Amino acid sequence: QESEREVCPPKRTKVLLIVFAVCLVFALGGLCILGILCEYNSNRLLYNIWCAITASAYVLFLIRCQNSTGCALCAIHWIHSGGKCYYYSKVKMNWTQSRDHCVTLGGHLVIINSRAGDFVTSNVEETHWIGLNDVDTEGHWVWVNNQSVLFFSFCRFWMKRENETSEPDNWTKFHPDGEDCAGLGHPGGETDFWMDAYCFEEKRFVCEAAAAV
Ligand SMILES: [Ca+2]
Ligand SMILES: [Ca+2]
């Protein structure tokens with residue numbers, strides 16, 4: 001059973017960071033006072049040990065903050081990139097279930113209207129649902145936030161075939177309603193392009209959420 005973890009709301013994360021910073025200041029202050037006392041007592045060994053511990057803690061703090069996934073920017077199991085957090089599911093669901101599951105995780109099915117699309121596609125090795133569909137109006141593709149697909153994305157990501165119909169092709173061979181939901185790649189191979197598919201198919205999916213700041 002896939003674990004569900006919510007993305008920490010930015011406000012809550014800010015409060016935690018402030019509490020953490022205050023604690024850190026008090027801790028460092030205490031260590032400094034202790035170090036001064038130790039020095040005052042001419043206990044150089046103990047003083048040096050406290051200095052080493054203090055410096056190490058500070059370095060570890062800096063390393064953690066410089067790590068792109070550090071400082072709780074994204075919840076566990078989410079990947080940080082460009083101010084966004086991305087979650088790649090382990091389970092397969094149909095498109096509607098995928099959309100709803102992303103919401104329960106604190107995000108939404110991924111919206112690709114920027115160069116983030118290359119990052120998203122680079123992290124999948126099999127077909128995944130994305131937050132794009134033409135359920136309401138055939139041929140009018142919209143994201144889960146009701147935005148239209150930008151021209152750049154439309155040209156860049158839909159699969160192109162030579163001498164055949166390119167995607168989206170609204171294939172009706174296995175269902176008369178055609179294909180109204182978009183996924184990365186196809187079940188058999190490459191994943192760095194979009195294809196429309198039957199919304200009832202079960203695929204893994206990519207969720208997106210804003211990174212906490
Ligand atoms: Ca369609
Ligand atoms: Ca298709």
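1. Calcium ion (ligand 1), spacing of donors. In this predicted model, the residues that donate to the calcium ion (ligand 1) follow the pattern D-x3-E-x31-N-x8-E-D along the sequence. Glu138 belongs to the loop between β4 and β5, and Glu179 to the loop between α5 and β6, so this pair ties together parts that are 41 residues apart in sequence.

2. Calcium ion (ligand 1), donor atoms. Asp134 (OD) and Glu138 (OE) each appear twice among the protein donors. The list also includes Asn170 (OD1), Glu179 (O) and Asp180 (OD), and the donors lie 2.3 to 2.7 Å from the ion. The two residues named in the first point have contrasting surroundings: Glu138 counts as partly exposed, at 46% relative accessibility, whereas Glu179 counts as buried, at 7%.

3. Calcium ion (ligand 2). Coordination here comes from Glu167 (OE), Asp169 (OD), Glu179 (OE), Asp196 (O) and Asp196 (OD), at distances of 2.1 to 2.6 Å. Along the chain these donors are spaced E-x1-D-x9-E-x16-D. Glu167 and Glu179 are both placed in the loop between α5 and β6, twelve residues apart. Glu167 is buried, with a relative accessible area of 6%.

4. A residue serving both ions. Glu179 deserves separate attention. Its backbone oxygen, listed as Glu179 (O), is a donor to the calcium ion (ligand 1), while Glu179 (OE) is a donor to the calcium ion (ligand 2).

5. The cis peptide bond. Glu167, a donor to the calcium ion (ligand 2), is joined to Pro168 by a cis peptide bond, with omega about 0 degrees. Pro168 is located in the loop between α5 (151–157) and β6 (181–184).

6. Strand β7 and its partner. Which residues of strand β7 are buried on each side? Trp194 and Asp196 are buried on one side of the strand (residues 194–197), and Met195 and Ala197 on the other, so that both faces are covered. Asp196 also coordinates the calcium ion (ligand 2) through Asp196 (O) and Asp196 (OD). Strands β6 and β7 pair in the antiparallel sense over four bridges, and Gly183 stands opposite Met195 in β7.

7. Thr191. This residue lies in the loop between β6 and β7 and is buried, with a relative accessible area of 10%. A polar atom of the Thr191 side chain is 3.2 Å from the backbone oxygen of Val124. Leaving aside residues up to four places away in sequence, Thr191 touches Thr121, Val124, Glu125, Glu126, Thr127, Leu184 and Gly185.

8. Helix α3. Trp95, Ser98, His101 and Cys102 are the buried residues of this helix, which spans residues 95–104. They lie on the same side of α3 because they cover an arc of only 125 degrees around the axis. The elements against which these buried residues pack are β3 (108–109), β4 (128–133), β6 and β8 (204–210).

9. The ends of α3. At the start of the helix, a side-chain oxygen of Asn94 comes to within 3.1 Å of the backbone nitrogen of Thr96. After the helix comes Gly106, with a positive phi near 95 degrees.

10. Nonpolar cores. In soluble globular proteins, nonpolar side chains tend to be buried together. The largest nonpolar core of this model has 18 residues, of which Ile112, Ile130, Leu132 and Trp194 touch the most other members. Two or more residues of this core come from each of β2 (84–88), β4 and β6. A second, separate core has 17 residues, including Cys74, Met93, Ala197 and Phe205. Trp194 of the largest core and Ala197 of the second core are buried on opposite faces of β7.

11. Positive phi outside glycine. Two residues that are not glycines should be noted here. His77 has a positive phi of about 80 degrees and is found in the loop between α2 (44–66) and β1 (79–81). Asn146 has a positive phi of about 75 degrees and is found in the loop between β5 (142–143) and α5. Is Asn146 buried or exposed? Asn146 is exposed, with a relative accessible area of 66%.

Terms used
Residues numbered from 1 in each chain as written. Chains lettered and ligands numbered in written order. Predicted model: local features only at pLDDT ≥ 70, side-chain atom pairs only at ≥ 80, totals over all residues. Heavy atoms only, no water. Buried < 20%, exposed > 50% of the residue type's maximum accessible area, 1.4 Å probe, protein only. Arc of directions from axis to C-beta. Contact = heavy atoms within 4.5 Å. Polar contact = N/O pair within 3.5 Å; in protein donor to acceptor, adjacent residues only side chain to side chain. Donors = N, O, S within 2.8 Å, 3.2 Å for Na, K, Ca; no water. Pairing = 2+ DSSP bridges. Core = buried A, V, L, I, M, F, W, Y, C linked by side-chain atoms within 4.5 Å.
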